[in-house]
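These notes are meant for someone opening the model without any background. They go through the pocket, the sheets, a helix pair and two backbone details, in that order.

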Amino acid sequence: YPRNSIQQLELPQRKAALIVPAFETLHYRLTFPKSKAELLSMLDMGSLYTFRYHVWPKGHAPTDYAKWRTATVPYRVAWQPDFEPYVVVRRDCPKYDQRFVGFGWNKVSHIMELDAQEYELLVLPNAFMIHMPHAPSFDISKFRLSAGYRGCLQTLREEFHQDLSRRYGAAALKYLTAERSL
């Protein structure tokens, strides 16, 4: 399905990021749904949830899961602060910023850069992924426990905003304004 979408949407010729809606389960064993209809049934029964809805809803809310439920064609969504979807992009898209290793802001900064370069953010209506539970990573534990780690991440975020402003000028102001209003 993603390969067909790449062809149909002419991804090689356009700047677009194809968003794969993310879900999660709290069960360590799960029979993976074979279709969107099956996934929606599992979602309605409570064995699946939209990804991180209970701890970080801003990360995936712009995907617009209510719209996805009934969508039959890809639909465009707008960038919003802290948006960090899983995407399929061309190989020549901007790379992840290497400042953001470990936990925090790797996907957020990547989507900001794609948006700054005017990539379309298109949600695939028949694609999905499921995050399985696992023990917290070493890096998220450091983030949660270390004020120094969080402070360094904040400094890197500020540097990143400055770099976006230098590269994209006034168009990048929306990212800084969004950050300050949070």
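1. The largest pocket has a volume of about 980 Å³. Here a pocket is an open set of points on a 1 Å grid over the protein atoms alone, where a 1.4 Å probe fits, with protein on both sides within 12 Å along at least five of seven lines. The volume is the space filled by probe spheres set on the points, which are joined across faces, edges and corners. Lining residues have an atom within 4 Å of a point; there are 35 of them, and R52, E84, F103, I140 and R144 are the closest to the pocket's centre.

2. This is a predicted model, in which local features need pLDDT of at least 70 and side-chain atom pairs count only at pLDDT 80 or more, while totals for chains, interfaces and linings use all residues. Residues are numbered from 1 along each chain as its sequence is written, and side-chain values use heavy atoms, with hydrogens and water left out.

3. Which helices each supply at least two residues of the pocket lining? They are α4 (106-116), α5 (138-145) and α6 (147-168). Helices (H or I, at least four residues) and strands (E, at least two) are DSSP runs, numbered from the N terminus. By residue class, the lining divides into 15 nonpolar, ten polar and ten charged. Nonpolar covers Ala, Val, Leu, Ile, Met, Phe, Trp, Tyr, Cys and Pro; charged covers Asp, Glu, Lys and Arg; the others, Gly among them, count as polar.

4. One open sheet has four strands in the order β4-β6-β1-β5, with mixed pairing. Its edge strands, each paired on one side only, are β4 (75-77) and β5 (86-88). Neighbouring strands in this sheet are turned by 45 degrees against each other on average, direction ignored. Strands pair if DSSP finds at least two bridges between them. β4 and β6 (residues 120-123) run antiparallel and are joined by three bridges; R76 has L122 in β6 as its bridge partner.

5. A second entry is an open sheet of three strands, ordered β3-β2-β7, again with mixed pairing. β3 (49-50) and β7 (129-131) are the edge strands. Three bridges join β2 (residues 22-24) to β7, and these two run parallel. F23 stands opposite I130 in β7.

6. α4 and α6 pack with their axes 11 Å apart, at an angle of about 15 degrees. That makes the two helices α4 and α6 roughly parallel, a term for angles under 35 degrees. Axes are lines fitted to C-alpha atoms over the stretch in contact, and angles run from 0 to 180 degrees between N-to-C directions. The crossing of α4 and α6 is right-handed: the near helix is turned clockwise from the far one by less than a right angle.

7. Most residues other than glycine have a negative phi. E10 has a positive phi, near 55 degrees, and is found in the loop between α1 (2-8) and β1 (16-20). Phi of R52 is also positive, near 55 degrees; R52 is in the loop between β3 and α3 (65-70).

Terms used: Parallel < 35°, antiparallel > 145°, perpendicular 65-115°, else oblique.
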